[in-house]
Amino acid sequence: DLKKAIASKFEEISRFFQSTEFKFAGIIVDLGISSDQLNDPQRGLSFQSLGPLDMRMNQKSQLTAAKVLNEYSPQQLKQVFIQGGLSRGSFELAREIVAARPIRDTKHFCQLCEKVLVPLERRLNKTKKIGHLATVPFQAVRIEVNNEFGAIKGLLGQVLEFLTPGGRFAAISFHSL
């Protein structure tokens, strides 16, 4: 299996760099997810197709979107949504999710997002819509499931160890968080 071979080679390379004083003149990281991951309904990353509430990048991880949506308290959910970029409606959405439990799949989660956020947008007279209203809540849950902010903090805490003096570090990201 190609994925296992790549993972094995990555671990081998990682061990090598951790065991030597090898330094890089430049490091570039891409903080995005691939369209292959988004387009796979079994990953549960998209509201555009029916899928399980998974959202894990590492399939061995214990935390899933189902656990977040079905087990977190309203306050925890609100915090997930706020940290994930949902500025308005985070508490209302958290409360609706708790009332509708169990959340079954990506479509159910999307329907709850629409139920709460569409009327809110109408009340606020928002005529300019950038994207689907479920985009940010899905992103927020994905960030929580994968501890993405923790991973970024870990990366930033270690990147200088791998750079030569005067080396450059760049990160590519397509959202403002």
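These are my notebook entries on a few helices, cysteines and backbone oddities that I looked up in this predicted model.

**Entry 1: helix 7 and its surroundings**

I began with helix 7, residues 135-145, and asked how many of its residues are buried. I found that eight of the 11 are buried, so helix 7 is largely enclosed by the rest of the structure. For my own list, the buried ones are Pro137, Phe138, Gln139, Ala140, Val141, Arg142, Ile143 and Val145. I noted that Arg142 and Gln139 are among them.

Next I looked up what covers these buried residues. The cover includes helix 3, helix 4 (74-83), helix 5, helix 6 and helix 8. I picked helix 6 from that set for a closer look.

**Entry 2: helix 6 against helix 7**

Helix 6 spans residues 106-123, and I have its axis coming within 9 Å of the axis of helix 7. The two axes cross at roughly 125 degrees, which makes helix 6 oblique to helix 7. I logged the crossing as right-handed.

Which residues meet here? From helix 6 I have Thr106, Phe109, Cys110, Cys113 and Leu117, and from helix 7 Pro137, Phe138 and Val141. By class, this contact has seven nonpolar residues, one polar and no charged ones. I also see that Pro137, Phe138 and Val141 are on my list of buried residues of helix 7.

**Entry 3: the two cysteines in that contact**

Cys110 and Cys113 both turned up on the helix 6 side, and I wanted to know how far apart their sulfurs are. The sulfur of Cys110 has its closest cysteine sulfur in Cys113, at 6.3 Å, which is too far for a bond. Looking from the other end, the closest cysteine sulfur to that of Cys113 is in Cys110, again at 6.3 Å. The cut-off I applied is 2.5 Å between sulfur atoms, and with it the count comes to zero disulfides.

Buried or exposed, I then asked of Cys113? Cys113 counts as buried, at 0% relative accessibility. Cys110 is buried too, with a relative accessible area of 7%.

**Entry 4: helix 5 against helix 6**

I moved on to helix 5, residues 90-100. Helix 5 and helix 6 pack at an angle of about 135 degrees, and their axes are 10 Å apart. They are therefore oblique to each other, and I logged this crossing as right-handed.

On the helix 5 side I listed Glu92, Leu93, Glu96, Ile97 and Ala100. They meet His108, Phe109, Leu112, Cys113, Lys115 and Val116 in helix 6. The residues of this contact divide into seven nonpolar, one polar and three charged. Phe109 and Cys113 caught my eye, as they are listed in the contact with helix 5 and also in the contact with helix 7.

**Entry 5: Pro102 and His108**

Between helix 5 and helix 6 there is a loop, and Pro102 lies in it. I checked the peptide bond that joins Arg101 and Pro102 and found it cis, with omega about 5 degrees. For context, most peptide bonds are trans.

Pro102 counts as exposed, at 57% relative accessibility. Leaving out residues up to four places away in sequence, Pro102 touches Asn70 and His108. I also took a distance to Val145: the C-alpha atoms are 18 Å apart in space, and the two residues are 43 apart in sequence.

His108 was my next stop, and it lies in helix 6. Unlike exposed Pro102, His108 counts as buried, at 8% relative accessibility. With neighbours within four places set aside, His108 is in contact with Ala100, Pro102 and Ile103.

**Entry 6: positive phi angles**

Last, I looked up residues with an unusual backbone angle, since most residues other than glycine have a negative phi. Met55 has a positive phi of about 70 degrees although it is not a glycine. I located Met55 in the loop between helix 2 (35-39) and helix 3 (65-71). Met55 is buried, with a relative accessible area of 0%.

Asn147 is another non-glycine with a positive phi, of about 45 degrees. Where does Asn147 lie? I found it in the loop between helix 7 and helix 8 (148-158), which brings me back to the helix I started from: helix 7 is followed by Asn147.

Terms used. Residues are numbered from 1 along each chain as its sequence is written. This is a predicted model: local features need pLDDT of at least 70, side-chain atom pairs count only at pLDDT 80 or more; totals for chains, interfaces and linings use all residues. Side-chain values use heavy atoms; hydrogens and water are left out. Axes are lines fitted to C-alpha atoms, for helices over the stretch in contact, and angles run from 0 to 180 degrees between N-to-C directions. Helices (H or I, at least four residues) and strands (E, at least two) are DSSP runs, numbered from the N terminus. Angles under 35 degrees count as roughly parallel, over 145 as roughly antiparallel, 65 to 115 as roughly perpendicular and the rest as oblique. A crossing is left-handed if the near helix is turned anticlockwise from the far one by less than a right angle, and right-handed if clockwise. Contact means heavy atoms within 4.5 Å. Ala, Val, Leu, Ile, Met, Phe, Trp, Tyr, Cys and Pro count as nonpolar, Asp, Glu, Lys and Arg as charged, and the others, Gly among them, as polar. Buried means under 20% relative accessible area, exposed over 50%, partly exposed in between (1.4 Å probe, protein chains only).
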